[in-house]
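Here are a few short exercises to work through with the model open beside you. Try each task before reading its solution.

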Amino acid sequence: VAAGSIPASDLSPYIRRQIRLLGDSELGEQVNLLEKTGGERRTAREVMRAKYGEWVTSTALQTADSAQGRTIFLNLCASCHTFRGEGGKIGPDLTGRTSDAILQKVVDPSAQISPDYRLSIARTKDGRTIAGVIAERTSRTITFRSLAETVTVATDDILGIETSAQSIMPEGLFESLSRTQVRDLVGYLVG
């Protein structure tokens, strides 16, 4: 990215977070340079919340295309979230959510996180870093579920586990969607 070989936009919020989890301070600083400071991010959140709020008014949602919304859900959200019994279990079930609740979570996913969906980062004796939500914990093992995989690790092999204050859902998920796509997705989820 620094050399201009690939655009910074190719590093999705998910990939940026994964790079930070490597624990390499130099790489982390380089990722931080791609992003704004915390205060600017807050202002950006407010701007994005207002923008998307205008896109999904009750009038706009009446014209939403549910079939397109379902397709967007399956491509963007279903790997982590369940809706009406369909999808993944890394994030909370979206069934019954209001448009306001959906926008709040998309714009600021770390504002309020249920303990069941907090990102946990484990460092193992063999040098691995495993990140995901803790799906199951027994006296002998801990199972981590991430977007990419489900990994079970013996508790004796874990050096330590950190629980992040950040949501596993990265910020900026709507940035790649058009106004119509946001309307269709939210319309599908609240319809």
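**Exercise 1. Decide whether Pro109 is buried or exposed, then find its surroundings.**

*Solution.* This is a predicted model, so let us begin with the accessibility computed from it.

1. The relative accessibility of Pro109 is 4%. Buried means under 20%, so Pro109 counts as buried.
2. Next, place Pro109 in the fold: the residue sits in the loop that links helix 6 (99-107) with strand 3 (118-124).
3. Now list the contacts, leaving out residues up to four places away in sequence: Pro109 touches Gln104, Ser167, Met169, Pro170 and Glu171.
4. Finally, take one of these partners, Met169, and compare sequence with space. Pro109 and Met169 lie 60 residues apart in sequence, while their C-alpha atoms are 6.3 Å apart.

**Exercise 2. Work out how strand 5 pairs with strand 4 and with strand 6.**

*Solution.* Take one partner at a time.

1. Strand 4 (residues 129-137) and strand 5 (residues 141-145) run antiparallel and are joined by four bridges.
2. To get the register, look for facing residues: Glu136 stands opposite Thr143 in strand 5.
3. The connection between strand 4 and strand 5 is a hairpin through three residues.
4. On to the other partner: strand 5 also pairs with strand 6 (residues 150-154), in the antiparallel sense, over five bridges.
5. Here Phe144 is the residue opposite Val151 in strand 6.
6. Strand 5 and strand 6 form a hairpin too, with four residues between them.

**Exercise 3. Check the length of helix 7 against its expected span, and say which of its residues are buried.**

*Solution.* Start from the residue count.

1. Helix 7 covers residues 179-190, which is twelve residues.
2. At 1.5 Å a residue, helix 7 should span 16 Å.
3. The C-alpha atoms at the ends of helix 7 are 17 Å apart, which agrees with the expected span.
4. For burial, the residues to mark in helix 7 are Val182, Arg183, Asp184, Leu185, Val186, Gly187, Tyr188 and Leu189.

**Exercise 4. Find out how many disulfides the structure holds, and test Cys77.**

*Solution.* Use the distance between sulfur atoms.

1. A search of the whole structure gives zero disulfides.
2. For Cys77, the nearest cysteine sulfur belongs to Cys80, 8.7 Å away.
3. A disulfide needs two cysteine sulfur atoms within 2.5 Å, so Cys77 is in no disulfide.
4. Cys80 is likewise in no disulfide, its nearest cysteine sulfur being that of Cys77.
5. As a last step, check burial: with a relative accessible area of 12%, Cys77 is buried.

Notes:
Residues are numbered from 1 along each chain as its sequence is written. This is a predicted model: local features need pLDDT of at least 70, side-chain atom pairs count only at pLDDT 80 or more; totals for chains, interfaces and linings use all residues. Side-chain values use heavy atoms; hydrogens and water are left out. Buried means under 20% relative accessible area, exposed over 50%, partly exposed in between (1.4 Å probe, protein chains only). Helices (H or I, at least four residues) and strands (E, at least two) are DSSP runs, numbered from the N terminus. The expected span of a helix is 1.5 Å times one less than its number of residues. Contact means heavy atoms within 4.5 Å. Two strands pair if DSSP finds at least two bridges between them.
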